[in-house]
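User: Please take a close look at a single part of this structure, choosing one helix and following it into its surroundings. I would like one connected account, with the cut-offs behind each term.

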Amino acid sequence: MGFLKNIFGSDEPKEEKLLPWQPLTKVSQLDEIEERSKTKTQVIFKHSTRCGISSMVMNQFVSMYDLDANLDLYYLDLLSYRDVSNEVGYKFQVMHQSPQLLIIKNGTTVAHASHGAINDLDLERFE
């Protein structure tokens, strides 16, 4: 029976991994992120809730994320908060893409990636 369980999965519910997301919903939070980045790396994940690729990348990111990472992690639903998404691009000098991950240290973007390249970033390098 173990062989079939491995092939078809099990009825047991999987434990869902919850990341310490902070919702990014206001433009004013960007100044806070900039200030906090002077003492701790800040990460912004821009996600399009209507995009299958964005959802796939998000799921991969969640499964790979190290919960012990010393980072502040922000989640931006760019469809609901388009003004915030636009301001992220202006403030941190990154052209908008979706999905997109920005890593901010000392007030500036030190790395960013979009689509599948998000999961290629080594976040430990930036802690």
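Analyst: From the N terminus on, the chain runs through its elements as α-β-α-β-α-β-α-β-β, which gives 4 helices and 5 strands; helices (H or I, at least four residues) and strands (E, at least two) are DSSP runs, numbered from the N terminus. This is a predicted model, in which local features need pLDDT of at least 70 and side-chain atom pairs count only at pLDDT 80 or more, while totals for chains, interfaces and linings use all residues. Residues are numbered from 1 along each chain as its sequence is written, and side-chain values use heavy atoms, with hydrogens and water left out. Of the 127 residues in the chain, 39% are buried, where buried means under 20% relative accessible area, exposed over 50%, and partly exposed in between, with a 1.4 Å probe and protein chains only.

The part chosen here is helix α3. This helix covers residues 52-64, 13 in number, and from its first C-alpha to its last it reaches 18 Å, close to the 18 Å expected at 1.5 Å a residue; the expected span is 1.5 Å times one less than the number of residues. Within α3, the buried residues are Ser54, Val57, Met58, Phe61 and Val62. These residues lie on the same side of α3, because they cover an arc of only 135 degrees around the axis, the arc being that of the directions from the helix axis to the C-beta atoms. An α-helix has 3.6 residues a turn, so residues three or four places apart point the same way. The face turned away from the buried side of α3 carries Gly52, Asn59, Ser63 and Met64, which are exposed.

What do the buried residues of α3 pack against? They meet β1 (21-23), β2 (42-47), β3 (72-77) and β4 (100-105), a contact being heavy atoms within 4.5 Å. These strands belong to an open sheet of 5 strands with mixed pairing, in the order β1-β3-β2-β4-β5. At the edges stand β1 and β5, each with a single partner strand, so one side of each is left without a neighbour in the sheet. From one strand to the next the twist averages 25 degrees. Two strands count as paired if DSSP finds at least two bridges between them, and β1 and β3 pair in the parallel sense over 3 bridges; Trp21 has Leu73 in β3 as its bridge partner. Helix α2 (residues 29-36) packs on the sheet, touching β1, β2, β3 and β4, and its direction makes about 155 degrees with that of β3. Helix α3 likewise packs on the sheet and touches β1, β2, β3 and β4, with a direction at about 150 degrees to that of β2; the axes are lines fitted to C-alpha atoms, for helices over the stretch in contact, and the angles run from 0 to 180 degrees between N-to-C directions.

The packing can also be followed through the side chains. A nonpolar core is a set of buried Ala, Val, Leu, Ile, Met, Phe, Trp, Tyr and Cys residues joined through side-chain atoms within 4.5 Å. The largest such core has 18 residues, and those with the most contacts inside it are Phe45, Phe61, Tyr65, Leu101, Ile103, Ile118 and Leu123. Two or more residues of this core come from each of β2, α3, β4 and β5 (108-114), and α3 gives the most, with 4 residues. Leaving aside its neighbours within four places in sequence, Phe61 is in contact with Leu19, Trp21, Phe45, Leu73, Leu101, Ile118, Asn119 and Leu123. Apart from this core lies another, of 12 residues, which includes Leu30, Val88, Phe92 and Val94.

Phe45, listed among the contacts of Phe61, also leads to a residue of the sheet, Tyr74, which lies in strand β3. Although 29 residues separate Tyr74 and Phe45 along the chain, their C-alpha atoms are 6.1 Å apart. Tyr74 is buried, with a relative accessible area of 2%, and, not counting residues up to four places away in sequence, it touches ten residues' worth of surroundings that include Trp21, Ile33, Arg36, Ile44 and Phe45. For the chain as a whole, 66% of the contacts between residues at least 6 apart in sequence join residues at least 24 apart.
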